[in-house]
Structure formats: C-alpha cells, structure tokens
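Student: Could you take me through one part of this model up close? I'd like the aromatic contacts, plus whatever else helps me find my way around.

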Amino acid sequence: AGPLVRLAPTSLVFGVWDSRGGTAEKRPRLVRSVIRALDVEPLYAAAQFNSVWKSLDSQQQDELKNEATAKKVKLSEKGFADAPATFRKVSKSAQKYMQEFRDGAPNPERRVLGGIVAKGGIERDITINLVALRNILGKNDDESQKIRRYLLALALISASTDMELFLREGCHLRYADEHDVWSVVPRRGSADLVSLNSQESQQELIKYAEASVSHFKEGWPKELSHKFDIKAAKNLLAKKEEDDDSASE
C-alpha cells in the first residue's frame with residue numbers, strides 16, 4: 001500500500017475499489033460515520049409547478065398543442081403545463097400495486113417523502129476499524145507499521161473533527177452535547193472511555209500525524225497537476241464499448 005499512501009492516503013481511510021481496472025480490488029473504509037433517527041414519524045411533501053400556460057392566449061396555446069402533437073412530446077416535458085408534485089414516479093409495472101390513492105386517501109407508499117419527526121432523537125456513530133487497518137500491508141513489516149500509523153493518524157483526525165452537519169437542503173443538524181463519547185472497543189471485554197475532542201487530545205493527534213507522515217514525504221509526487229490525455233481517454237471509451245458489446249452478446 002506504500003505507493004497509494006504516498007499519492008492518495010485518504011483512498012484507504014475512506015475506502016476504495018477498482019471499478020475500471022479489472023482487478024476487482026476492494027479496500028474497506030477505516031472511518032465509517034452513520035446518522036440514525038430513532039422512533040420516526042415520516043412527513044410528506046407536496047409542490048406545485050405553475051407554467052406560463054395560463055398567461056398565453058388561445059392561439060398561442062393551440063400552436064403549442066399542435067407542435068407538441070407533431071413532435072410527439074408532452075407539453076409538461078417542456079415546462080408548458082402545470083404539474084403538481086405529490087406522488088413519486090414509479091415504473092408502469094409498479095403502478096399496479098402502488099397506486100396513488102388507496103381506500104380514498106393518498107397512498108403513503110407513493111407519496112414524496114418530505115422529512116421526518118425524530119421522536120427518539122438523532123444519533124451519529126463514528127467507527128474507526130482497526131481490524132481493517134491491520135490488514136493493510138507495505139513491502140515489509142517496517143513499512144507496514146509506518147503505513148498503519150500514518151493512516152491511523154488521518155483516521156483519528158478525520159473522525160474527531162467537528163464538521164458542519166449540513167447534509168442537504170432542509171437537513172441542518174447540530175451537536176447536542178459539548179463533548180462526544182469515544183470508546184476503545186476490544187475484541188472481548190468491556191469498552192474503555194477515551195478523550196479525543198479536548199484541545200490537548202487534538203494537539204497530540206496533530207503531533208502524532210506529523211511524526212507519522214515524515215516517512216512518506218520523501219516519496220510524495222513533486223508534480224500534482226497532470227495534462228489530460230485525450231488519446232488515452234478515447235482508447236478507454238473504445239475499450240468500454242467493446243466490453244459492452246461482448247456483454248450484450
């Protein structure tokens with residue numbers, strides 16, 4: 001793992017897999033973060049798109065209708081028809097058992113989700129997988145140890161950093177407590193509490209990271225910008241098409 005650690009160590013920290021090289025190589029993430037809401041009540045969204053249709057005169061509407069008919073396209077696809085957004089789009093086969101209305105009321109399975117009410121709170125669990133870390137090897141035992149220490153430093157810093165929990169529009173979380181709870185979980189026995197968020201702990205992590213990276217600085221690429229090879233890209237596209245043809249056969 002030495003060359004990859006020198007070039008892109010976060011590929012091993014957050015997981016990586018070879019989707020195009022043909023090796024099927026996969027490396028599990030060392031840092032895993034999951035946010036869960038407990039005892040939730042789903043909410044549903046509804047929206048209305050108002051087009052320019054109502055402001056057009058009858059002649060303009062007729063012209064658009066005729067053009068849409070001639071081109072075999074729906075007015076709504078081009079934004080010339082009002083469109084409510086209340087139900088999710090599903091395939092034709094799914095429409096048979098996921099109808100928009102059920103028993104005279106909107107079918108929850110077809111509604112557009114609009115968030116939740118978390119009655120039991122929201123929790124974020126972060127795990128640093130030391131088992132996966134121990135499976136990362138270098139060219140010898142000494143380099144393997146240096147690689148693991150460097151990746152551990154990056155994993156600890158990334159996992160304990162206070163990040164903005166702005167997940168998407170309308171989902172802006174905040175930290176409820178001043179301090180997080182971190183535990184060292186052994187293979188057997190009880191977990192031990194540790195401190196990672198204090199100022200002293202963060203300073204020690206930075207020192208550990210600076211010491212761990214010193215071995216790899218010598219091998220860092222001097223030039224990090226590369227010219228895009230259009231010829232190689234075309235060859236890659238041609239190869240992909242060949243693979244697709246053989247798969248379809």
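Tutor: Sure, and keep in mind that this is a predicted model. Let's warm up on helix H3. Just after H3, Lys72 takes a positive phi of about 55°. At the other end, Asp57 caps the N-terminal end of H3, with a side-chain oxygen 3.2 Å from the backbone nitrogen of Gln59. Between those two spots, H3 runs over residues 58–71, which makes 14 residues. From first C-alpha to last, H3 reaches 20 Å, close to the 20 Å expected at 1.5 Å a residue.

Now for the rings. Searching the whole structure turns up 2 aromatic pairs. Take Phe87 and Phe101: their ring centres are 5.4 Å apart and their planes sit at 65°, so this pair is edge-to-face, the cut-off being over 60 degrees. Phe87 is in the loop between strand S6 (83–85) and helix H4 (92–95), while Phe101 belongs to strand S7 (residues 101–102). That contact links distant parts of the chain, 14 residues apart.

The other pair is Tyr150 with Phe216. Here the ring centres are 5.2 Å apart and the planes at 25°, so the pair counts as stacked, which needs planes under 30 degrees apart. Tyr150 comes from helix H6 (residues 141–160) and Phe216 from helix H7 (residues 199–217), so the pair ties together parts 66 residues apart in sequence. Both Tyr150 and Phe216 are buried.

One last ring contact involves a charge: Lys26 lies over the face of Trp17, 5.8 Å from the ring centre.

Technical notes:
Residues numbered from 1 in each chain as written. Predicted model: local features only at pLDDT ≥ 70, side-chain atom pairs only at ≥ 80, totals over all residues. Heavy atoms only, no water. Helix = DSSP H or I, 4+ residues; strand = E, 2+ residues; numbered from the N terminus. Expected span 1.5 Å × (residues − 1). Polar contact = N/O pair within 3.5 Å; in protein donor to acceptor, adjacent residues only side chain to side chain. Phe/Tyr/Trp six-rings, centres within 6.5 Å; stacked < 30°, edge-to-face > 60°. Buried < 20%, exposed > 50% of the residue type's maximum accessible area, 1.4 Å probe, protein only. Lys NZ or Arg CZ within 6 Å of the ring centre and 35° of its normal.
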